[in-house]
Amino acid sequence: MSQPGTSEGTGSSAVQQVNTRRGTELVLLVISVVIVTFAMMLVEISQENTVTRQLFYYGAAYLALFGAAHFAVRKWAPYADPLMLPLVALLNGLGLVMIHRIDIAKDTEYAVRQIAWLALSLVLFALVLAFIKDHRTLAKYSFTCGFVGLVLLALPGLLPSAISEVNGAKLWIKFGPLGQVQPSEFAKILLMIFFASFLVSKRELFTTAGRKFLNVELPRPRDLMPMLVAWAAAIGIGVLEKDLGTSLLFFGIVLVMLYIATERAIWVVLGLSLFAVGAFLAFQTVSRVQQRVNGWLDPVYGDDAYQLKQALYGLGSGGIGGSGLGNGSPETVPYANSDFIVTSMGEELGLVGLIAIFMMYLLLMMRGLRSALAVRDSFGKLFGGGLSFTIALQLFVVAGGVTALIPLTGLTAPFLAYGGSSLLANYILIAMLLRISDAARRPQPTVKPKPQQAPIAEAHTELVERPR
Amino acid sequence: MNKPLRRVALAMMAMVLLLMGNVTYVQVIQADDLRNGPGNGRTQRAEYAKQRGQIIAGGQSLANSVETGDELKFQRVYPNGPLYAPVTGFDSPTYGANGVERAMDTILNGSDDSLAFNRLSDMITGRAPAGGDVELTVDPAMQKVAYDQLTNKGFQGSVVALNPKTGEILSMVNSPSYDPNPLASHDNNAAAESWQQMENAQGSPMSNRSVSEIYPPGSTFKLITTAAALDSGYQPNSQVNPAASITLPNTNTELPNYGGKTCKGSTLTEALAHSCNTAFAEIAGKVGADKMRETAAKFGFGTDLQIPMTVAKSDLGPMSDPASLYQSGIGQRDVRVTPMQNAMMAAAIANDGKLMKPQLVKSTRAPDMEVIDELKPEEMSQAVSSNAADQISEMMLKSEQNTKGSGKISGVDIASKTGTAQHGDEDDKPHGWYVAFAPAEDPKIAVAVIVENGGDEGAEATGGSIAAPIGREVIRAGLQGGG
């Protein structure tokens, strides 16, 4: 496959044939900016009856940042999917509006910090695009990625609580006044690189060796061992650090990647059965889990779910049309701008707004999966599939949790919620998805110059692959 | 790997669909329940964000809302708190509402259907939305006199006065009463503290004696026995048993007259005028339990009544054997009435036997003062024939002549009946009752007074000595004020 700088003669004609759709992306980005600015105005008008100067600053910052991101994509991933960045920008922008809205209500300043994190995230985003010219290079560092991922994951657990514990979970590394970082967010991507590359390298084993179980040939355990160990470690660390959300995330990701790699549904069935057993045991023994489940079963009249109850009240009060931006009381829900930002949106934008947000996420995941489908190498498919599924699972776990579909576990809604690490990691994730989609949509070099057609008599017999 | 990828795509769509289905369920089907869920501050904030309507009576404001600087924008204020508490009730962010505040909530907060047009015009003109006003039938002069009469001597009790012709409630007073103002406080702790204080206070000031408490009616119930008798063929001059004491059927229990004396006279009229127990016990036995029940029901016993607060049902008890029927005939045993019921009884007799539905709301008004609904007098039943009502009034005029106690009004004929109800506790201190209407020839006011546990006279108290003076003062205030 040709690289941007190295695509000689053959490439230039191909570039003209394929529409890169960068113009579409720019138009969609402008639309996102308009929507977000308008939403910000609504918040300011209903909260303070005036439009403050902050609005201008935020709008300008937002426009400049995504403008820059657009040009990074234009330069380093010109064939990338044109929908993903505008979708992310819109989700991020709406999140920013809500964070600002709650800032006004609670007299805090998280929006400014979120913009700072966004700026940093977009720098990383551009760096990923600039330095990783081909996603397949990542596969070469798979074991390094896996190792670093596990270390990052375990680090907060090993560090003293003073610099790693926030709200009862040891997931953080605090940098004094500069802020705090949740390394598991990054570990997630690194470990996915490891899983994907590992599964691809062992792929042929799945169809050959191994013993039969339920009519399906399983790979020999020792072939899968490094991955299963890494997987178990990831979940174990999550449990030890009392971060059930992250454990759940790793569990789901590995299951789905195994399924994609092996094309065997038995892995999912097996995994879900194990999960059921594990969940039951956890419910029986861990009080925190019991509390969560009880809270989920009876959020309104029970005593175990103050946060969830307030969140549901918000959703109910919002109803179909919502209270309107700035007119509800989402700030009465704890963590209204982070874990519970989905319900904050639901209260002020109503069912209509919430479904629109879910549709944006759905579109984003589908574009990711589409890139995975279209890319030609197995690693890219598996990695892209994993990345897309991560977005889906995070959304499902957090949005399902705060709307009482499933018991509550701590995760953040990608791009929407306040949180630096989550933002950084998710922008890296999107950069990688864009890189894969760039590879998928990049025109193939129009094959080698056609060989001189040998006279048919001189042609040697060709080896034809036997149909399977 | 494309096949599993496609399946994963389907799974992801299913996950998002599940999320959408769930939020649809929460925000559409559960929405109302959640909006009104326990401790949902949103609904409350929305409610207090606009100015609640006033409760008015006789041109005075009994309850209104003033703007505060805090999170809940408006606070409820009761300028004459304890005086009107049984009527207005309270509207508290901590404890919800009762009384008219609760019964007329949709008008006061502006959400009533009848105010839909106003809401629409508020929305279009950009005027701040406000609730409607509720004007009450209460006569401030009578209310004040009744309250002072009860509280000056520290009595526990209740006064209810009605306009017999329309059913308008002219006064509804409780003693002891309470101040709704601290309950309306936006400070939950302050509200809780005063709530606690009232809960523990002597005489349970927060219970609305006029409509929620039931008492033995004592001799005032003889009016109903009389009505049942007249309806069963008795005449005012029919001979009745004047004996000093009778033995209850199938028992050895003696039922004596008050003071153990033989009744002065042996006609029905004289029996009522002198409140002879023996005569009325026998009458009840003769007319039978069914007739007693039927007559009481026509006077309002057992009726589901909203004024608009709910009035507790008065009841005759089981009357399962003749002895208990005899006792019930003089308002003892298991007969229980609310002061409101006794006032209704007097009002029905005053109004030619026609019982009008007691009502507290004179009119409801939109925020711009335009009247949206006005009181329409409603007939509940013909309790007794017009003729019988006249005959009972005559008897009650004679009864009034035999009633001691101060406060008689010269030039005004009062028809009344007293009661002194034993209730078997509080060291035998009886409840004193007085039901009356005036002027007898053209009744404008019907009143029921109860003073609990002998007032300041203890075991010696009678309805005439402790309750009658209060009733007369209330009537006087009503007639002089043009009631």
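**Contacts, salt bridges and packing in a predicted model**

Visitor: In this predicted model, which residues is A:Arg22 in contact with, leaving aside its neighbours within four places in sequence?

Guide: A:Arg22 belongs to helix α2 (residues 22–48) of chain A. With neighbours within four places in sequence left aside, the contacts of A:Arg22 are A:His70, A:Val73, A:Arg74, A:Ala77, A:Pro78, A:Tyr79, A:Ala80, A:Asp81 and A:Pro82.

Visitor: Is A:Arg22 buried or exposed?

Guide: Residues under 20% relative accessible area are classed as buried. The relative accessibility of A:Arg22 is 3%, so A:Arg22 counts as buried.

Visitor: How are the axes of α2(A) and α3(A) oriented to each other, roughly parallel or roughly antiparallel?

Guide: Two packed helices are described by the angle between their axes and the distance between the axes. The axes of α2(A) and α3(A) come within 10 Å and cross at roughly 165 degrees. Angles over 145 degrees count as roughly antiparallel. The relation of α2(A) to α3(A) is therefore roughly antiparallel.

Visitor: Which residues of α3(A) make the contact with α2(A)?

Guide: The crossing of these two helices, α2(A) and α3(A), is right-handed. On the α2(A) side, the contributors include A:Arg22, A:Leu26, A:Leu29 and A:Val33. On the α3(A) side, the contact is made by A:Leu55, A:Tyr58, A:Tyr62, A:Leu63, A:Phe66, A:His70, A:Val73 and A:Arg74.

Visitor: Which residue meets A:Arg367 in a salt bridge?

Guide: A salt bridge requires a side-chain nitrogen of Lys or Arg within 4 Å of a carboxyl oxygen of Asp or Glu. The side chain of A:Arg367 satisfies this at 2.7 Å, N to O, and its partner is A:Asp81.

Visitor: How many residues apart in sequence are the parts that A:Arg367 and A:Asp81 tie together?

Guide: A:Arg367 lies in helix α15 (residues 341–374) of chain A, and A:Asp81 in the loop between α3 (53–76) and α4 (84–106) of chain A. A:Arg367 is buried at 18% relative accessible area, and A:Asp81 is buried at 2%. Because of those positions, the pair ties together parts whose separation in sequence is 286 residues.

Visitor: In the salt bridge of A:Arg136 and A:Asp134, which relative accessibility does A:Arg136 have?

Guide: The side chains of A:Arg136 and A:Asp134 meet at 2.7 Å, N to O. A:Asp134 is buried, with a relative accessible area of 13%. A:Arg136, by contrast, counts as partly exposed, at 32%.

Visitor: What separates B:Lys286 and B:Glu282 along helix α13 of chain B?

Guide: The side chains of B:Lys286 and B:Glu282 form a salt bridge at 3.8 Å, N to O. B:Lys286 is exposed, with a relative accessible area of 62%. The two residues are four residues apart in helix α13 (residues 277–287) of chain B, so their separation is about one helical turn.

Visitor: Which strands stand at the edges of the five-stranded open sheet in chain B?

Guide: The sheet has the order β8-β7-β19-β18-β17, with antiparallel pairing. An edge strand here has a single partner strand, so one side is left without a neighbour in the sheet. The edge strands are β8 (169–175) and β17 (415–421) of chain B.

Visitor: What is the bridge partner of B:Ser158 in β8(B)?

Guide: Strand β7 (residues 157–162) of chain B pairs with β8(B) in the antiparallel sense over six bridges. In β8(B), the partner of B:Ser158 is B:Asn174.

Technical notes:
Residues numbered from 1 in each chain as written. Chains lettered and ligands numbered in written order. Predicted model: local features only at pLDDT ≥ 70, side-chain atom pairs only at ≥ 80, totals over all residues. Heavy atoms only, no water. Buried < 20%, exposed > 50% of the residue type's maximum accessible area, 1.4 Å probe, protein only. Contact = heavy atoms within 4.5 Å. Pairing = 2+ DSSP bridges. Axes fitted to C-alpha atoms, helices over the stretch in contact; angles between N-to-C directions. Parallel < 35°, antiparallel > 145°, perpendicular 65-115°, else oblique. Left-handed = near helix turned anticlockwise from the far one by under 90°.
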